[in-house]
Amino acid sequence: MKKIFTFLLFLISLSSVANDARWQEGEIVFQISKSSQSKYIQLATGSIYSHCGIVVKKNKQYYVLEASNIVKLTPINQWIDRGRFKYCKSYKVFDKPVHINYSKYLGQKYDKQFKFNNNKMYCSELVYLIYKEQFGIELCKPKKIKSYHLFGLSKIIKRRGINLNQLVVAPSDIINSKYLH
């Protein structure tokens with residue numbers, strides 16, 4: 001089964017976004033993270049994607065604005081190379097580039113509790129908030145954590161102090177947004 005999954009991802013990667021593709025500021029990019037929590041996010045959400053960010057342009061170069069250890073800008077090719085299978089999927093909300101105001105987010109710590117409004121940020125929260133605050137677009141409706149598939153995750157949830165009734169947005173929620181194309 002694992003070999004089939006790996007082969008399917010390889011086939012998908014053949015059609016993935018190339019490193020020299022023409023990027024557009026505001027694109028939302030998704031990948032399969034190599035982080036230790038990636039498999040739990042995949043299990044809980046039923047999606048292969050466990051990490052996301054937004055393409056931004058700075059000094060004529062493209063970066064991914066992401067929340068990993070902190071909110072930071074990562075050169076886009078480096079971001080792609082860091083993902084599992086060096087695979088990335090991108091979607092646009094707008095047909096033309098938009099300017100992303102990101103400076104207020106830079107340096108915020110990563111939010112392991114996945115909470116809104118605590119001066120910490122997780123990847124899909126960052127994407128969600130930028131589109132909501134800057135463009136008035138709610139990419140998806142936040143859902144209660146208990147609405148995801150949490151079997152086998154109770155120890156992690158308890159250790160991190162996560163409330164099952166708190167609202168979150170996952171990369172899978174954003175990738176299924178009616179606004180993405």
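Here "buried" means a relative accessible area under 20%, "exposed" means over 50%, and "partly exposed" is anything in between (1.4 Å probe, protein chains only). By that yardstick lysine 141 is exposed, at 60%.

A quick word on the model: it is predicted, so to speak of a local feature takes pLDDT of at least 70 and side-chain atom pairs count only at pLDDT 80 or more, while totals for chains, interfaces and linings use all residues. Residues are numbered from 1 along each chain as its sequence is written, and side-chain values use heavy atoms, with hydrogens and water left out.

Now the charged pairs. Side chains of opposite charge can pair when their charged atoms come close. With a salt bridge taken as a side-chain nitrogen of Lys or Arg within 4 Å of a carboxyl oxygen of Asp or Glu, the count is 4. Among them are these:

| Salt bridge | N to O distance |
|---|---|
| lysine 104 – glutamate 133 | 3.3 Å |
| glutamate 138 – lysine 141 | 2.8 Å |
| lysine 143 – aspartate 173 | 3.4 Å |

Lysine 104 and glutamate 133 tie together distant parts of the chain, 29 residues apart: lysine 104 is in the loop between β5 (88–91) and β6 (109–110), glutamate 133 in helix α4 (residues 123–135). Helices (H or I, at least four residues) and strands (E, at least two) are DSSP runs, numbered from the N terminus. Lysine 104 is exposed at 57%, and glutamate 133 is partly exposed at 46%.

As for lysine 141's partner, glutamate 138 is partly exposed at 25%.

In the pair of lysine 143 and aspartate 173, what sits buried is aspartate 173, at 10%, whereas lysine 143 is partly exposed at 32%.
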